[in-house]
Amino acid sequence: MWPDIQEQVLVCYHKHRYKEGVAEGVEEVAKGNCFPLEYNLDYMNGVSFDKGCYLGQELTARTHYSGVVRKRILPFELSGSSDLPPGTSIVNSGGKRVGKVVCCCGDVGLALMRVKEMTQALTSLNSDGRSVQIHVHFPTWFPA
């Protein structure tokens, strides 16, 4: 009985995090292969622009002050309840790859997306080759 309840609580926790656009852990935040600003750490006070001396500080500060962050981790909802595996490509109506699935739980998940193209009609291929409609949006806390 208890393991089932713990599993349900964990699923609810992940779905809530995904809806709020918060990535966590090495499975969702690729170690050594990501920039803090792409994972919204600048908006969640995870990066200090006043304190120096951390690995990648120059690139992170330069990107922040230029105001150009092309990709961000963003929540998405599927037009059905089918999990998409991490790494699944997300394409726009023209077939151009504009992002990839980072994690998914049921009909919600996180994707690393090009911000400029996130408002277009997006689809992804699920594991059985069918196309799935994806709605990507900014989290409620995201600055406008």
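Contact here means heavy atoms within 4.5 Å. The exercises below use a predicted model, in which local features need pLDDT of at least 70, side-chain atom pairs count only at pLDDT 80 or more, and totals for chains, interfaces and linings use all residues. Residues are numbered from 1 along each chain as its sequence is written, and side-chain values use heavy atoms, with hydrogens and water left out.

**Exercise 1. Explore the surroundings of V136.**

Find the residues that V136 touches, then place V136 in a core.

*Solution.* Start with the contacts: leaving aside residues up to four places away in sequence, V136 touches L74, P75, F76, M113, M118 and L122. Next, the core. A nonpolar core is a set of buried Ala, Val, Leu, Ile, Met, Phe, Trp, Tyr and Cys residues joined through side-chain atoms within 4.5 Å; buried means under 20% relative accessible area, exposed over 50%, and partly exposed in between (1.4 Å probe, protein chains only). The largest nonpolar core has 15 residues, and those touching the most other members are F76, L78, I90, M113, L122, I134 and V136. Two or more residues of this core come from each of strand 1 (71–78), strand 3 (97–105), strand 4 (108–114) and strand 6 (131–136). Helices (H or I, at least four residues) and strands (E, at least two) are DSSP runs, numbered from the N terminus. Another core, of ten residues, lies apart from it and includes Y18, A23, V102 and L112. In soluble globular proteins, nonpolar side chains tend to be buried together.

**Exercise 2. Describe N40.**

Is N40 buried or exposed, and which side chain does the side chain of N40 join in a polar contact?

*Solution.* First locate N40, in the loop between helix 2 (25–28) and helix 3 (57–66). N40 has 0% relative accessibility, so it counts as buried. Then look at its side chain, which is joined to that of R72 by a polar contact of 3.1 Å. (A polar contact is a pair of N or O atoms within 3.5 Å; within protein, one must be able to donate a hydrogen and the other to accept it, and residues adjacent in sequence count only if both atoms are side-chain atoms.) Finally, with residues up to four places away in sequence not counted, N40 touches G21, R72, I73, W141 and F142.

**Exercise 3. Check the cysteines.**

Why is C104 not bonded to C105?

*Solution.* A disulfide is a pair of cysteine sulfur atoms within 2.5 Å. The cysteine sulfur closest to that of C104 is in C105, 7.3 Å away, which is too far for a bond. In total, the structure holds zero disulfides. Now compare accessibility: C104 counts as buried because its relative accessibility is 16%, and C105 is also buried, at 16%. C12, in helix 1 (residues 2–20), counts as exposed because its relative accessibility is 53%.

**Exercise 4. Look into the loop at T88.**

Which backbone oxygen does the side chain of T88 reach?

*Solution.* Begin with the position: T88 is in the loop between strand 1 and strand 2 (89–92). T88 has a relative accessible area of 10%, so it is buried. From there, its side chain reaches the backbone oxygen of P85 at 2.6 Å.
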